[in-house]
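New to this one? Take a look around first, and then let's walk through it together.

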2 protein chains.
Amino acid sequence: MRKSKSPTLIEVAKRAGVGTTTVSRVINGGNLVDPATLARVRNAIKVLGYMPNPAARSLKGYHTKTIGLIIPSIADPFFSSCAEAAQEIARAHESLLFVTTTQNDPRLELESVKVLVSHRVDGLIIAPANSENTELRATLESAGVPAVALDRPLLHSSIPYVLADNFAGANLATQHLIGHGYRRIACMTGEDTLYTIRERISGYKQAVESAGLPVILNTTIRDYGSAEATLKYMLDRDKPDAIFTLKNSTTIYAFEALNRINVSVPQDIALLGYDDFELADTVRPSITVVRQPIVEIGRMAAEILFRELMTRGKMDREFEAAVPRQVQLGTTLVRRNSCGCVAPLFH
Amino acid sequence: MRKSKSPTLIEVAKRAGVGTTTVSRVINGGNLVDPATLARVRNAIKVLGYMPNPAARSLKGYHTKTIGLIIPSIADPFFSSCAEAAQEIARAHESLLFVTTTQNDPRLELESVKVLVSHRVDGLIIAPANSENTELRATLESAGVPAVALDRPLLHSSIPYVLADNFAGANLATQHLIGHGYRRIACMTGEDTLYTIRERISGYKQAVESAGLPVILNTTIRDYGSAEATLKYMLDRDKPDAIFTLKNSTTIYAFEALNRINVSVPQDIALLGYDDFELADTVRPSITVVRQPIVEIGRMAAEILFRELMTRGKMDREFEAAVPRQVQLGTTLVRRNSCGCVAPLFH
DNA sequence: CTGTTAGCGCTTTCAC
DNA sequence: GTGAAAGCGCTAACAG
């Protein structure tokens with residue numbers, strides 16, 4: 001038990017009375033090996049409880065069977081679901097998943113990339129804090145590690161990405177509100193430096209503007225307090241008849257604040273949020289939201305990465321075109337009560 | 001860009017005109033090295049963009065600077081928060097975190113342990129699907145990898161654990177309900193094979209029994225449907241005046257079902273749930289819950305692991321007693337409206 | 001089919 | 001202070 005050095009390939013070879021090559025072949029699929037020898041070696045492996053040392057393998061220039069996932073936070077439901085999906089795919093490819101978080105801080109992000117690269121991960125899945133980050137792009141490219149961007153693209157690079165169509169999602173949602181007859185649709189959010197939020201803002205703007213309606217936008221929501229303050233201010237000055245919140249937490253803050261200041265939804269003001277959440281259907285009124293294909297995003301990002309990994313070197317990019325590289329997934333408008341729609345009786 | 005081999009220590013040595021020993025010393029803290037040489041080497045490292053190859057290092061018998069986290073699911077808010085906390089601690093110790101999921105399936109769990117061990121992780125944090133799992137215990141012990149159990153202990157083993165006091169949490173919550181004057185307190189949950197759930201059930205039972213009240217227990221809640229059916233059945237037969245739900249999803253299902261079948265909370269029936277969630281405070285009525293110190297659990301588990309890692313070998317278990325090994329953290333009863341308490345006006 | 005052997009990049013005695 | 005050299009466990013020619 002103490003410092004129990006695990007057995008090495010050489011010991012297995014001795015035990016089985018064969019050379020190291022043979023053992024190596026056995027643990028790598030067992031081709032080109034005499035069935036009898038194969039059985040003998042396999043037995044020795046079992047008896048000794050031998051497990052190949054990945055460090056030695058990767059030293060020989062092999063893959064490490066590990067990939068890295070770099071996300072803002074694991075505690076965020078969106079990214080944890082992505083992570084879960086990615087982990088599933090990784091497992092299917094017998095790979096392990098390193099998870100690191102960035103808090104959307106470019107410094108931590110770059111640092112994560114470097115650490116992961118230095119650990120020789122086979123590939124990287126990353127949700128860039130800043131889609132324009134030149135340094136990140138450069139680091140990734142010079143490292144030569146296959147990478148795919150998640151939720152947010154890494155612009156001006158050849159890195160594949162998988163994301164939701166934020167513009168369309170927000171655009172359609174706004175149009176839905178317009179269809180309800182609302183004329184003064186306010187948009188609230190925080191973190192407007194993020195690619196996704198920006199896209200959603202554009203989608204909102206495009207919709208209201210092309211309908212000849214005013215743009216009422218506030219991007220300063222950080223917490224419950226700022227949400228309530230902003231709401232009061234807006235109610236007073238802009239007199240919105242509908243509110244479109246661009247992110248989960250903002251939706252919740254707004255809902256809570258509306259409740260607190262006795263504004264009834266949707267009678268006084270309609271509410272529509274970006275991103276679904278479990279209780280959106282349970283609270284009263286239930287909240288209409290734009291739902292993103294979260295699991296799909298995580299799954300596809302991982303799949304693209306592994307497909308990339310498998311074609312690397314193999315057919316020297318000949319069939320590269322066969323692998324989708326820029327994926328933009330659609331969103332769904334889940335109609336519930338808060339926008340003024342009558343909800344179905346059951347789910 | 002193609003197969004851009006990263007620079008090696010030898011190249012750094014040549015570039016700096018020194019031997020490999022010196023470079024090695026520099027990247028390991030730079031002690032015993034002449035300041036001038038040190039600067040020269042550091043410069044060469046910077047120029048070349050050199051990063052030590054962890055594979056080569058770990059081949060020399062060193063640690064791998066990686067730890068593994070084995071949890072039922074990353075998408076579960078409880079475990080994702082633990083994971084986030086653990087990842088933070090890992091980062092502080094310059095280690096990377098492998099995350100794998102088990103779905104509470106002992107087979108997947110064992111497999112995860114094996115894979116992680118074969119990857120030579122320095123340590124393991126694990127939430128055992130089954131606290132009695134002999135095979136898991138044996139594997140962990142024979143592998144000789146330091147491990148710490150999270151949220152659920154691994155019984156009959158010397159493996160440290162960090163968990164919440166589920167018995168006390170449920171016990172106090174039930175007593176709170178009793179204090180409100182409820183006499184027929186029903187307890188609902190699913191997954192009653194889990195250690196945590198069992199403890200909570202015991203806590204509930206102990207409280208009602210010692211108050212001379214009936215045990216009304218249903219452990220078959222799997223989804224909204226079963227929650228609603230069970231509720232109707234109970235309402236009809238057991239006529240409970242309060243409901244204590246032992247896990248997050250059950251709480252939500254019960255709340256939703258109660259709503260749907262027009263039972264008002266807390267007037268007709270009180271509701272109290274185990275585990276807090278963001279909207280528990282926002283829904284009407286707001287839901288009284290037992291809150292667990294989630295982040296603390298993840299953080300402490302990781303800290304214990306690293307402390308273990310650091311003392312290993314060093315002082316040959318002399319001061320081992322200084323490291324806490326069995327940690328049971330307290331829970332908090334968050335009083336809101338659903339139990340009959342009057343909620344404070346603001347948070 | 002199978003054994004021998006030369007490293008992969010790094011740490012670490014052991015000399016100088 | 002610093003360098004030379006011996007491996008750590010494994011794979012991949014290259015012979016047989």
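Here is a relaxed tour, from the overall outline to the DNA and then into a few helices and strands.

Keep in mind from the start that this is a predicted model.

**Chain A as a whole**

Chain A contains twelve helices and twelve strands. How far does its C-alpha trace span along the principal axes? The answer is about 85 × 40 × 35 Å. The radius of gyration tells a matching story: a compact globule of 347 residues would come out near 20 Å, but chain A has 26 Å. Even so, 47% of the 347 residues of chain A count as buried. Among the contacts in chain A with a separation of 6 or more, 69% are between residues 24 or more positions apart.

**Where the two chains meet**

Chain A puts 39 residues into the contact between the chains, and chain B puts in 36. On the chain B side, at least two residues each come from helix 4, helix 5 (77-92), strand 2 (96-101), helix 6 (106-118) and helix 11 (248-260). Sorted by class, that side of chain B has 19 nonpolar, twelve polar and five charged residues.

A good residue to zoom in on is A:Leu96, which sits in strand 2 (residues 96-101) of chain A. Is A:Leu96 buried or exposed? It is buried, because 26 other C-beta atoms lie within 10 Å, and the cut-off for buried is 20 or more. Leaving aside residues up to four places away in sequence, A:Leu96 touches A:Lys65, A:Thr66 and A:Ala90, plus B:Phe98, B:Val115 and B:His119 from chain B. As for A:Ala85, eleven residues away along the chain, its C-alpha atom is separated from that of A:Leu96 by 13 Å.

**Around the DNA**

Now for the two DNA strands. There are 25 residues around DNA strand C, and the ones that come nearest are A:Gly19, A:Asp34, A:Thr37, B:Leu9 and B:Ala56. Two or more residues each come from helix 2 (20-27) of chain A and from helix 2 (20-27) and helix 4 (54-59) of chain B. Helix 2 of chain B gives the most to this surface, with four residues.

Around DNA strand D there are 26 residues, with A:Leu9, A:Ala56, B:Gly19, B:Thr21 and B:Asp34 coming nearest. Here helix 2 and helix 4 (54-59) of chain A, together with helix 2 of chain B, each supply at least two residues. The biggest share comes from helix 2 of chain A, which gives four residues.

Here are the two surfaces by residue class:

| Surface | Nonpolar | Polar | Charged |
|---|---|---|---|
| near DNA strand C | nine residues | eleven residues | five residues |
| near DNA strand D | ten residues | eleven residues | five residues |

**Two helices to look at**

Helix 12 (residues 294-311) of chain A has 18 residues, so at 1.5 Å a residue it should span 26 Å, and its end C-alpha atoms are indeed 26 Å apart. Its buried residues include A:Ile297, A:Met300, A:Ala301, A:Ile304 and A:Leu305. That pattern has a simple background: an α-helix has 3.6 residues a turn, so residues three or four places apart point the same way. Among the elements covering the buried residues of helix 12 are strand 1 (66-71), helix 5 (77-92) and strand 11 (326-329) of chain A.

Over in chain B, helix 9 (residues 195-210) has 16 residues and reaches 22 Å from its first C-alpha to its last, close to the 22 Å expected. Among its buried residues are B:Ile197, B:Ile201, B:Tyr204 and B:Val208. The cover over helix 9 of chain B includes helix 8 (166-179) and strand 9 (270-274) of chain B. After this helix comes B:Gly212, with a positive phi near 70°.

**And two strands**

In strand 9 (residues 270-274) of chain A, five of its five residues are buried. A:Ala270, A:Leu272 and A:Tyr274 point one way, while A:Leu271 and A:Gly273 point the other. In a regular strand, the side chains alternate between the two faces of the sheet. Strand 8 (residues 242-245) of chain A runs parallel to strand 9 of chain A, joined to it by four bridges, and A:Ile243 stands opposite A:Leu271.

Strand 4 (residues 147-150) of chain B is covered on both faces, with B:Ala147 and B:Ala149 buried on one side and B:Val148 and B:Leu150 buried on the other. Strand 3 (residues 123-126) of chain B runs parallel to strand 4 of chain B, with three bridges joining them, and B:Leu124 stands opposite B:Ala147.

Terms used:
Residues numbered from 1 in each chain as written. Chains lettered and ligands numbered in written order. Predicted model: local features only at pLDDT ≥ 70, side-chain atom pairs only at ≥ 80, totals over all residues. Near = placed C-beta within 6 Å. Nonpolar A, V, L, I, M, F, W, Y, C, P; charged D, E, K, R; others polar. Expected span 1.5 Å × (residues − 1). Buried ≥ 20, exposed ≤ 12 C-beta atoms within 10 Å, placed from the backbone. Contact = placed C-beta atoms within 7 Å. Rg over C-alpha atoms; globule rule 2.2 N^0.38 Å. Pairing = 2+ DSSP bridges.
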